Amino acid sequence: MTDALPEAARGDRDDLPSNPSANTPFETILTRAMSRRRLLAGAASSAALAAAGALSGTAGSAVFASKTAAAAGLSTLGFEPLAHGYDETHHVARGYEASVLIRWGDAVVPGAPAFDPQAQSAAAQAMQFGYNNDFVGYTPLPWGSGDPAHGLLCVNHEYVDRELMFPDAADRVATTQSKAAVEIEMAAHGHSVIEIARDAAGRWAVVPGRFNRRIHVGTPIAIAGPAAGHDRLRTSADPSGRLVLGTINNCAGSITPWGTVLMAEENFNNYFSGDAAKTAEARNYKRLGLGTGEAEYGWARFFDRFDVEKEPNEANRFGWMVEIDPYDPTSMPVKRTALGRFKHEGAHALVDKSGHVVAYSGDDQRFDYIYKFVSKGTFDASDRKANIGLLDEGTLHVAKFADDHTMEWLPLVFGEGPLTPTNGFHSQADVLIETRRAADLLGATPMDRPEDIEPNLVTGVVYCALTNNGKRKKEQVDAVNPRAANEHGHILEMIPPGGGGGDKDHTATHYRWDILLLAGDPTKAADGAKYHPAVGAGDWLSCPDNVAVDTRGRLWIATDGAPKAGIADGVWATDVEGDGRALVKLFFACPRGAELCGPSFNSDDTVYFAAVQHPGEEKGSTFATPSTRWPDFRDDQPPKPAVMTITKIGGGPIGG
Ligand code: FEO
Ligand code: CA
Ligand code: CA
């Protein structure tokens, strides 16, 4: 994101902890030890695992020898896992085919000019596919048809790698780049909606249809919900506090049950220059990581609204969840303030059996929190558009985990508990604008970077990827974040009360929790990894980030940061119940420098959409001398983030 900053350093900058609270609900050492024993028992729930003894985690474990035979019989996933590696291109499991559907610079809006990396312009970029594709969601055309072969693909563009993007060296540095380059960056952020279709031969292609649309930093976006119009959201350009230009750092997201897109605003602090401590929002901005000088993005050099000393409220208009209706290309996107303001990784909404909509969301920072929103209104299956607005009224909660594998959702409601004028909260708008500080006061549990959250609609269990937290100290370990210096991350299960699947109560205030796996190398005792015992030296993963659930309820785990452990990022799949629980299998591996985003399926799992983000983002890798030129491998083309379709050769569902 800045001057050839290595990926690891970028991650550190994005994820510096800013939580000053002492929210570490520790219990006694004895309780923790007992709880860890329960974790082991919980993870080893299947008969096969019990027979195999403990989970894998020690070098030379006898189960490694029989891994292949064991894995073949235990997993429902019918593909042979890839071997680890790290090279210039992607790899997919044998029997599958991966093709580029759309890449940075390809046409989105009909009439977009052909991409020329040597002659980029903001006007062209605003019609072309943006940079660093992250969230990918498929929704059928027409709505309600369930058509698996024709639909809309909705894709976020999270950020840019200017050192790989621009031919002019001055444009590759935030402090020297031209205004034209800044405007190209602004147009390369945001979102793309593209119509796609599968032909008789099974090939997917972009259709230059009327739905195709780009949303970027120049797009007008409405602000709705309890914080809309509040004084703290008013600026010189928008005295109403209800209309903002653009959305930034759009990471993960989801398609709602009514066919809209929820897209997150994550590391928005990196775009605001000036000394945040000199503003009336100093406490608020410090908690969100706004700094004292030049931001990573040099936009404030040309646009005053990105300088907090000149426009002190503009940063309060970012850090929200944004809803887009992809079926109406003229509709204005809306920031839904009721879902809170923090570094949203994404949000995933479902319709609870009560009819209320429940949206889960993670705050991706070391030692930050997990949230859920419960709507006041109920879902109307007969009128799609009637549901647009359900996310404006309801109750936001934050998660508090206990070492005994129970958890509680604490409501963030103005006037309740500490959320009063004594602590600087004068309305629900204040609670939402400073969601993190409100959650600190309630005693929420600091987590190991909550990334993507996705409910498993087959089992009713909610999955959260906790990507890593190298800064957790021994004395900060608790049962739900059980490793100090957690460099590899883990996968959390949040279990609402009730029966299976749709019978679970997602509006409940008390859940149980478990851990599906602790990532890392199971042959290195120091990693403290825990998986199914058949997972061995060639199978493990590191830094789970984005997750998807297929229609059979199996979990697909995409990673961001595995290269730090010496292997490519990619996607691993696993059963979550039965004999194959936590038996991870590598399905797709990224080219060097890239992480795997998306991922998602169409409506019958016959295509898997994989977003390869930031290929070639490595120390010393530049436009002129990138570490890979994936996916085109042409000397006149830089590496390009791209969305791939992965299909089974001969057809059929992914994973069997
Ligand atoms: Fe943009 Fe937290 O990944
Ligand atoms: Ca992510
Ligand atoms: Ca990521």
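**Exercise 1. Work out which residues hold the calcium ion (ligand 3), and where they sit in the chain.**

Step 1: list the donors. Asp545 (OD), Asp560 (OD), Glu595 (OE) and Glu595 (OE) coordinate the calcium ion (ligand 3) at 2.4 to 3.0 Å. Donors here are N, O and S atoms within 2.8 Å of the metal (3.2 Å for Na, K and Ca), and water is not among the atoms, so sites may look incomplete.

Step 2: find the spacing. Along the sequence, the donor residues follow the pattern D-x14-D-x34-E.

Step 3: place two of them. Asp545 belongs to strand E25 (residues 544–549), while Asp560 is in the loop between strand E26 (555–559) and strand E27 (570–574); the two are 15 residues apart and link distant parts of the chain. Those labels come from DSSP runs, numbered from the N terminus: helices (H or I) need at least four residues and strands (E) at least two.

Step 4: check burial. Asp545 and Asp560 are both buried. Buried means under 20% relative accessible area, exposed means over 50%, and partly exposed is in between (1.4 Å probe, protein chains only).

Before you go on, know what you're looking at: this is a predicted model, where local features need pLDDT of at least 70, side-chain atom pairs count only at pLDDT 80 or more, and totals for chains, interfaces and linings use all residues. Residues are numbered from 1 along each chain as its sequence is written, chains are lettered from A and ligands numbered from 1 in the order in which they are written, and side-chain values use heavy atoms, with hydrogens and water left out.

**Exercise 2. Now do the calcium ion (ligand 2), and find the residue that bridges it and the calcium ion (ligand 3).**

Step 1: the donors are Cys251 (SG), Glu345 (OE), Glu451 (OE), Asp545 (OD), Asp545 (OD) and Asn546 (OD1), at 2.0 to 3.2 Å from the ion.

Step 2: their spacing in sequence reads C-x93-E-x105-E-x93-D-N.

Step 3: look at a far-flung pair. Cys251 is in the loop between E9 and strand E10 (253–255) and Glu451 is in strand E21 (residues 450–455), so this pair ties together parts 200 residues apart in sequence. Both Cys251 and Glu451 are buried.

Step 4: spot the bridge. Asp545 bridges the two calcium ions, ligand 2 and ligand 3, which lie 3.3 Å apart.

**Exercise 3. Explore the salt bridges, starting from Glu281 and Arg232.**

Step 1: get the total. The structure has 33 salt bridges. To count, a side-chain nitrogen of Lys or Arg must be within 4 Å of a carboxyl oxygen of Asp or Glu.

Step 2: take the pair. Glu281 and Arg232 form a salt bridge, with the closest N and O atoms 2.7 Å apart. Glu281 is in the loop between strand E11 (261–264) and helix H8 (282–287), and Arg232 in the loop between strand E8 (220–224) and strand E9 (243–245), 49 residues apart. Glu281 and Arg232 are buried.

Step 3: widen the view. A network of salt bridges links Arg232, Glu281, Asp430, Glu434 and Arg437.

Step 4: try two other pairs. Arg317 pairs with Glu314 at 2.9 Å between the closest N and O atoms; Arg317 is buried because its relative accessible area is 2%, and Glu314 is buried with 2% too. Lys310 and Asp304 meet at 3.6 Å, N to O, and Asp304 counts as partly exposed because its relative accessibility is 46%.

**Exercise 4. Classify the ring pair of Trp143 and Tyr327.**

Step 1: the whole structure has 26 aromatic pairs. Rings of Phe, Tyr and Trp (its six-membered ring) pair if their centres lie within 6.5 Å; planes under 30 degrees apart are stacked, over 60 edge-to-face, and the rest tilted.

Step 2: the centres of Trp143 and Tyr327 are 5.9 Å apart and the planes stand at 70°, so the pair is edge-to-face.

Step 3: compare burial. Trp143 is partly exposed at 35% relative accessible area, whereas Tyr327 is buried at 12%.

Step 4: look for a cluster. Ring pairs join Phe79, Tyr96, Trp556, Phe587, Phe601 and Tyr608.

**Exercise 5. Judge the confidence of the protein chain.**

Step 1: the mean pLDDT is 91, and 90% of the residues score at least 70. pLDDT is the predictor's confidence in each residue, from 0 to 100.

Step 2: among the elements, helix H3 (residues 47–52) has the lowest mean pLDDT, 31, and strand E18 (residues 394–401) the highest, 99.
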